[in-house]
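Student: I have a chain here and a pile of labels for it. Can we go through where each label comes from?

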Amino acid sequence: MGDISNGVKLSVHDGVHNLSLHHASSRAFTGEALGAVGTAGTLNEYGDPFSTMGT
Ligand SMILES: [Zn+2]
């Protein structure tokens with residue numbers, strides 16, 4: 001874990017999983033904020049940098 005801060009982050013992350021919540025994902029589209037209708041974009045499983053459930 002490196003330091004106590006990373007230990008707290010990991011504990012909270014896994015505690016939230018125990019509440020049945022999933023990772024905070026994001027979806028990116030090349031050149032556009034939302035992309036065209038029907039375009040899947042690129043999913044990043046941990047894409048939300050503002051959530052303990054993301055990166
Ligand atoms: Zn997780």
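Tutor: Sure, let's begin with H13, which lies in helix α1. Before we go on: this is a predicted model, where local features need pLDDT of at least 70, side-chain atom pairs count only at pLDDT 80 or more, and totals for chains, interfaces and linings use all residues. Residues are numbered from 1 along each chain as its sequence is written, and side-chain values use heavy atoms, with hydrogens and water left out.

Student: What makes a stretch a helix or a strand?

Tutor: Both are DSSP runs, numbered from the N terminus: helices are H or I with at least four residues, strands are E with at least two. By that rule the chain has one helix and two strands, in the order α-β-β from the N terminus on.

Student: Why is H13 called buried?

Tutor: Buried means under 20% relative accessible area, exposed means over 50%, and partly exposed is in between (1.4 Å probe, protein chains only). H13 has 13%, so H13 counts as buried.

Student: Which residues does H13 touch, leaving out those up to four places away in sequence?

Tutor: They are H23, Y46, T52 and M53. A contact means heavy atoms within 4.5 Å.

Student: How do you know which atoms are the zinc ion's donors?

Tutor: Donors are N, O and S atoms within 2.8 Å of the metal (3.2 Å for Na, K and Ca); water is not among the atoms, so sites may look incomplete. Here the NE2 atoms of H13, H17 and H23 coordinate the zinc ion at 2.0 Å. Their spacing in sequence is H-x3-H-x5-H. The pair H13 and H23 links distant parts of the chain, 10 residues apart: H13 is in helix α1, H23 in the loop between α1 and β1 (26-28).

Student: What about S20, is that residue buried or exposed?

Tutor: With a relative accessible area of 56%, S20 is over the upper cut-off, so the label is exposed. S20 sits in the loop between α1 and β1, and has a positive phi of about 75° although it is not a glycine.

Student: And why is N44 called partly exposed?

Tutor: Its relative accessible area is 39%, which falls between the two cut-offs, so N44 is partly exposed. N44 is found in strand β2 (residues 42-44) and touches S25 and S26, not counting residues up to four places away in sequence.

Student: What makes I4, V8 and V12 a patch?

Tutor: Patch residues have over 30% relative accessible area and no salt bridge (a side-chain nitrogen of Lys or Arg within 4 Å of a carboxyl oxygen of Asp or Glu). Like charges are joined within 9 Å, nonpolar side chains (Val, Leu, Ile, Met, Phe, Trp, Tyr) within 5 Å. I4 has 74%, so I4 is exposed. With V8 and V12, I4 makes a nonpolar surface patch of about 300 Å², the area coming from the Shrake-Rupley method with a 1.4 Å probe, where for residues only the protein chains shown count as cover.

Student: How does the whole chain's radius of gyration sit against the globule rule?

Tutor: That radius is taken over C-alpha atoms, and the rule is 2.2 Å times the number of residues to the power 0.38. A compact globule of 55 residues would come out near 10 Å, but this chain has 14 Å.
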